[in-house]
Amino acid sequence: MKSHILILSTLTALLCINCNKEEDLLQTVCDEVVTLNSEKYKNKTTDFFTLIEVNVEGDCMNIKYSSSGCSGESWVMELIDAEVIKETNPAQRDLRLILKNEEACQAVFTKDISFDLAPLKTGDSEILLNLEGEQYSYKY
């Protein structure tokens, strides 16, 4: 009887360990990675877009935006960091979205994209991200 309990306990423990490994594998993967480039932040121009929604989930910043075009399939959206950490509590970083849109149609399309924020981490557990006049908390 004791051996059955020991076997069941061992199987349960192995199952729990395995579940944790599967959860790790299911973590969200972002579409792109934030770019750290002060020159691009200051000088690169953007085509017109409307920011619809932004949220930070784990290490990803999820962005929904719209612009005019023929399909939106050729659009390239970049999230650029200014490479400056403002020493506040919590620290802050400034970000810019830059859209390259060479489509010349009048239709409006909405797209979703996510950016990996891991390169923005500091020694703290949170940083505030300033984007398009709004501030977003990134906790890690």
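Me: In this predicted model, is glutamate 83 buried, partly exposed or exposed?
Reply: Glutamate 83 is found in strand β5. Its relative accessible area is 44%. Buried means under 20% and exposed means over 50%, so a value of 44% makes glutamate 83 partly exposed.

Me: What is the phi of glutamate 83?
Reply: Glutamate 83 is not a glycine, although its phi is positive. The residue is part of strand β5. Its phi is about 65°.

Me: Which residue has a side-chain polar atom 2.8 Å from the backbone nitrogen of glutamate 83?
Reply: The partner atom is polar and belongs to a side chain, and the distance to the backbone nitrogen of glutamate 83 is 2.8 Å. The residue that carries this atom is placed in strand β5, residues 76-86. It is aspartate 81.

Me: Is aspartate 81 buried or exposed?
Reply: The relative accessibility of aspartate 81 is 0%. The cut-off for a buried residue is under 20%. Aspartate 81 therefore counts as buried.

Me: With which side chain does the side chain of aspartate 81 make a polar contact?
Reply: Leaving out residues up to four places away in sequence, aspartate 81 touches several residues, among them Val34, Tyr41, Arg93 and Leu120. The side-chain polar contact has a distance of 2.8 Å. Its partner lies in strand β6 and is arginine 93.

Me: How far apart in space are arginine 93 and aspartate 81, C-alpha to C-alpha?
Reply: In sequence, arginine 93 and aspartate 81 are twelve residues apart. Their side chains make a polar contact at 2.8 Å. From C-alpha to C-alpha, the distance is 7.1 Å.

Me: Is arginine 93 buried or exposed?
Reply: Not counting residues up to four places away in sequence, arginine 93 touches residues including Leu36, Asp81, Glu83, Ile127 and Leu129. Its relative accessible area is 5%. Since the cut-off for buried is under 20%, arginine 93 is buried.

Me: Which two residues does a cis peptide bond join?
Reply: The omega of this bond is about -5°. Proline 90 takes part in it, and proline 90 lies in the loop between β5 and β6 (92-100). The bond joins asparagine 89 and proline 90.

Me: Where does glutamate 132 lie?
Reply: Glutamate 132 has a positive phi, near 50°, in a residue other than glycine. Its relative accessibility of 44% means that it counts as partly exposed. The residue lies in the loop between β8 (126-131) and β9 (134-139).

Me: Is glycine 133 buried or exposed?
Reply: Glycine 133 also has its place in the loop between β8 and β9. Its C-alpha is 9.8 Å from that of aspartate 94, which is 39 residues away in sequence. With a relative accessibility of 79%, against a cut-off of over 50%, glycine 133 counts as exposed.

Me: Which strands stand at the edges of the open sheet of four strands?
Reply: The order in this sheet is β1-β7-β4-β3, and the pairing is mixed. An edge strand has a single partner, so one of its sides is left without a neighbour in the sheet. The edge strands are β1 (32-33) and β3 (50-57).

Me: Which residue in β7 stands opposite valine 33?
Reply: Strands of a sheet pair through backbone hydrogen bonds, either parallel or antiparallel. β1 and β7 (residues 107-116) pair in the parallel sense over two bridges. Opposite valine 33 stands aspartate 116.

Me: How many helices and strands does the protein chain have?
Reply: Along the sequence, the pattern is α-β-β-α-β-β-β-β-β-β-β. Among contacts between residues at least 6 apart in sequence, 69% join residues at least 24 apart. Buried residues make up 30% of the 140 residues. The secondary structure comes to two helices and nine strands.

Me: Over which residues is the pLDDT below 50?
Reply: The mean pLDDT of the protein chain is 87, and 80% of its residues reach 70 or more. The stretch with pLDDT below 50 has zero contacts in the model beyond near neighbours in sequence. It covers residues 2-26.

Definitions and conventions: Residues numbered from 1 in each chain as written. Heavy atoms only, no water. Buried < 20%, exposed > 50% of the residue type's maximum accessible area, 1.4 Å probe, protein only. Polar contact = N/O pair within 3.5 Å; in protein donor to acceptor, adjacent residues only side chain to side chain. Contact = heavy atoms within 4.5 Å. pLDDT = per-residue confidence, 0-100. Pairing = 2+ DSSP bridges.
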